[in-house]
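Trainee: Please give me a close look at one part of this model, and then place that part in the whole. I would rather have one connected account than a list.

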Amino acid sequence: MTFPYVEISGLDFAYGDRQILSGINMQLPKGKLTAIMGGSGCGKTTLLRLIGGQIKACRGSLKVAGQEVGQLRERDLYEMRRRTGMLFQFGALFTDLTVFDNIAFPLREHTKLPESAIRDLVLLKLEAVGLRGAAQLMPAELSGGMARRVALARSVALDPELILFDEPFTGLDPISLSIIATLIRRLTDALGATSVMVTHDVHESLAVVDYVYFMSAGRVVGAGTPEEIKVSTDPYVYQFVHAQPDGPVHFHYQAPTLDEQLLEGVL
Amino acid sequence: MNMLERFFRVVGRNTINRVWRLGFAARFFIALLAHSGETFRRPRLLLRELFASGVLSLIIILVSGLFVGLVLGLQGYDTLQRYGSSEALGILVALSLVRELGPVVAGLLFASRAGSSITAEVGLMKATEQLTAMDMMAVNPLARIIAPRFWGGVLSMPMLAALFTAAGIFGGWLIGVVFIGVDEGAFWAQMQANVNFVDDVCNGIIKSIVFGVAVSLIAVFEGFDAVPTAEGVSRAITRTVVTSALAILALDFVLTSFMFRGL
């Protein structure tokens, strides 16, 4: 059993009265790529924000590298984040900086490396994502796929121990999607990092991840290796993996029966 | 629920929301000050914002100052010559600009040019998750983004007000001396003799600093607190301009009543 880098137990989270996550238990092993899957609004991005310390849990425990994230002071939280990389859904590149400066940003902020060393490191990161030739472009000049690759290079600029991927495949064409999936796997292995990928793209994710957690309505409803997930008979997992329009997640939004509504003439 | 109860509920809710937001703004200001050290340790961050808020506002400030001075010259001469005191045109133009029009009009222009720009930039950075990305990179956005913009605005404002005043005095001289023919010696000599450095110039500088703090704080706060959508950022920009204008006019009254209460 690999040592868990992220341990979550009995975790609850709510925005005011609205419960988002209930009784989450997860163990994300060190050096592995784990996917957290589920439909829109099931709480998976909230969980990622909890792991990154952007918000605090209402109840339960969430440990990263043995540290209780919710109890860290700002300085310790930032120390933890220096060892964490995050890829945002739409890249979140700094629009006033070139591709080169975007990737150099964390290096310049957190290291005292000379500019020549930073230049070499940035070029190596860009080479890893295949965009060395785009170093001097501005983010506005990049396609969606290229922007995501630059953001990926930036997220691993400091060789993090933990990488968080928030919906990395959203809005990408099949070629870009395949490239990003391959890069996520390759960079995780190359860095020996613990990676957590929040996504609802089933087939691309199952092809690259080591383990999968399924979430629905703020709860973990299934878990397993990609092979186990593919043959799972759990109704929710089956519906999600095989993209069935109806199942435990209903096609119809909650409403009175059609007969009742038509006969009563109310909206 | 009757009409009266509904009315009180709406008023109560709005009052609570406004008080809550004011408290949040106060906490934001304290946090901003606490994270301001980096701005002065890394002068390049500050210089960039001085350029964005100050240098890029120069055209509108100088042109507006010139026109205000031209109008002051015309209006002032028209009034003063009725009493045979047209030589006092220099004092009228200078005192109007140094005490009131310089800081106030420059502040209003600064709010609409630089303040709106700061809010839009910070709001869009929030909407596109750039602030969150920075925070996740262990770089505090308050220190790296907000504080330099705030201090850039605070330091730009007195300089812009001074330039506005200078352009206005030039405009008054152009109309009064060059076009109308007021005696040039009297124009400058009366101005020199009657404009007091402490009572007039320093008070004008204090006003412009206070307006700079108010406008810059409103601009960064509205951007930081904007709802992260296109509509939310647009509303935040509108709030910046409106709130800044009201704040400048209200603060001007308060400061003026303290500064000139002995007169």
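Mentor: What follows is about the sheets of chain A, and then about their surroundings.

This is a predicted model, in which local features need pLDDT of at least 70 and side-chain atom pairs count only at pLDDT 80 or more, while totals for chains, interfaces and linings use all residues. Residues are numbered from 1 along each chain as its sequence is written, chains are lettered from A, and ligands are numbered from 1 in the order in which they are written.

Start with the four-stranded sheet. This open sheet of chain A has the strand order 2-1-4-5, with antiparallel pairing. Strands are DSSP runs of E with at least two residues, helices are runs of H or I with at least four, and both are numbered from the N terminus. Two strands pair if DSSP finds at least two bridges between them. Strand 2 and strand 5 (67-68) of chain A are the edge strands of the four-stranded sheet, each pairing on one side only.

Strand 1 (residues 4-15) of chain A is joined to strand 2 (residues 18-29) of chain A by eight bridges, and the two run antiparallel. A:Val6 stands opposite A:Leu28 of strand 2. A:Glu7 has A:Gln27 of strand 2 as its bridge partner. Strand 1 and strand 2 of chain A form a hairpin with two residues between the strands, and A:Gly16 takes a positive phi near 65° there. Strand 1 of chain A is also joined to strand 4 (residues 59-64) of chain A, by five bridges and again antiparallel. In that pairing A:Ser9 stands opposite A:Ser61 of strand 4.

Now the six-stranded sheet. Its strand order in chain A is 6-7-8-3-9-10; the sheet is open and the pairing is mixed. At the edges are strand 6 (84-87) and strand 10 (219-224) of chain A, each pairing on one side only. From one strand to the next the twist averages 20°; the axes behind such angles are lines fitted to C-alpha atoms, for helices over the stretch in contact, and the angles run from 0 to 180 degrees between N-to-C directions. At one edge, strand 10 of chain A is held to strand 9 (residues 211-216) of chain A by five bridges, with the two strands antiparallel. One bridge pair there is A:Ser216 with A:Arg219 of strand 10.

Which helix touches strands of the four-stranded sheet? Helix 1 of chain A packs on that sheet, touching strand 1, strand 2 and strand 4 of chain A. Its direction makes about 65° with that of strand 2 of chain A. The helix, residues 44-51, also lies across strand 3 (33-38), strand 7 (162-166), strand 8 (194-199) and strand 9 of chain A, and runs at about 150° to strand 8. Contact here is between residues whose C-beta atoms, placed from the backbone, lie within 7 Å.

Helix 1 also leads to the core. A:Ile51 is among the residues with the most contacts inside the largest nonpolar core, which has 137 residues. A:Phe214, A:Ile103, B:Ile146 and B:Val220 are also among them. Such a core is a set of buried Ala, Val, Leu, Ile, Met, Phe, Trp, Tyr and Cys residues joined through C-beta atoms within 7 Å. Helix 5 (residues 89-127) of chain B gives the most to this core, with 18 residues. Leaving aside neighbours within four places in sequence, the contacts of A:Ile103 include A:Val122, A:Leu126, A:Val150 and A:Ala157.

B:Ser112 has its place in helix 5 of chain B. B:Ser112 counts as partly exposed, because it has 18 C-beta neighbours inside 10 Å; 20 or more other C-beta atoms within 10 Å would make a residue buried, 12 or fewer exposed. Its C-alpha atom is separated by 9.1 Å from that of B:Ile237, 125 residues apart along the chain.

Last, the chains as wholes. Chain A has 10 helices and 10 strands, while chain B has 10 helices and zero strands. Buried residues make up 38% of the 267 residues in chain A and 44% of the 263 in chain B. The C-alpha atoms of chain A fill a box of roughly 75 × 40 × 40 Å along the principal axes; the C-alpha trace of chain B spans about 65 × 55 × 35 Å along its own. Where the chains touch, the contact takes 12 residues from chain A and nine residues from chain B. Helix 2 (74-82) and helix 3 (99-110) of chain A each supply at least two residues of chain A's side.

Technical notes
Two residues are in contact if their C-beta atoms, placed from the backbone, lie within 7 Å.
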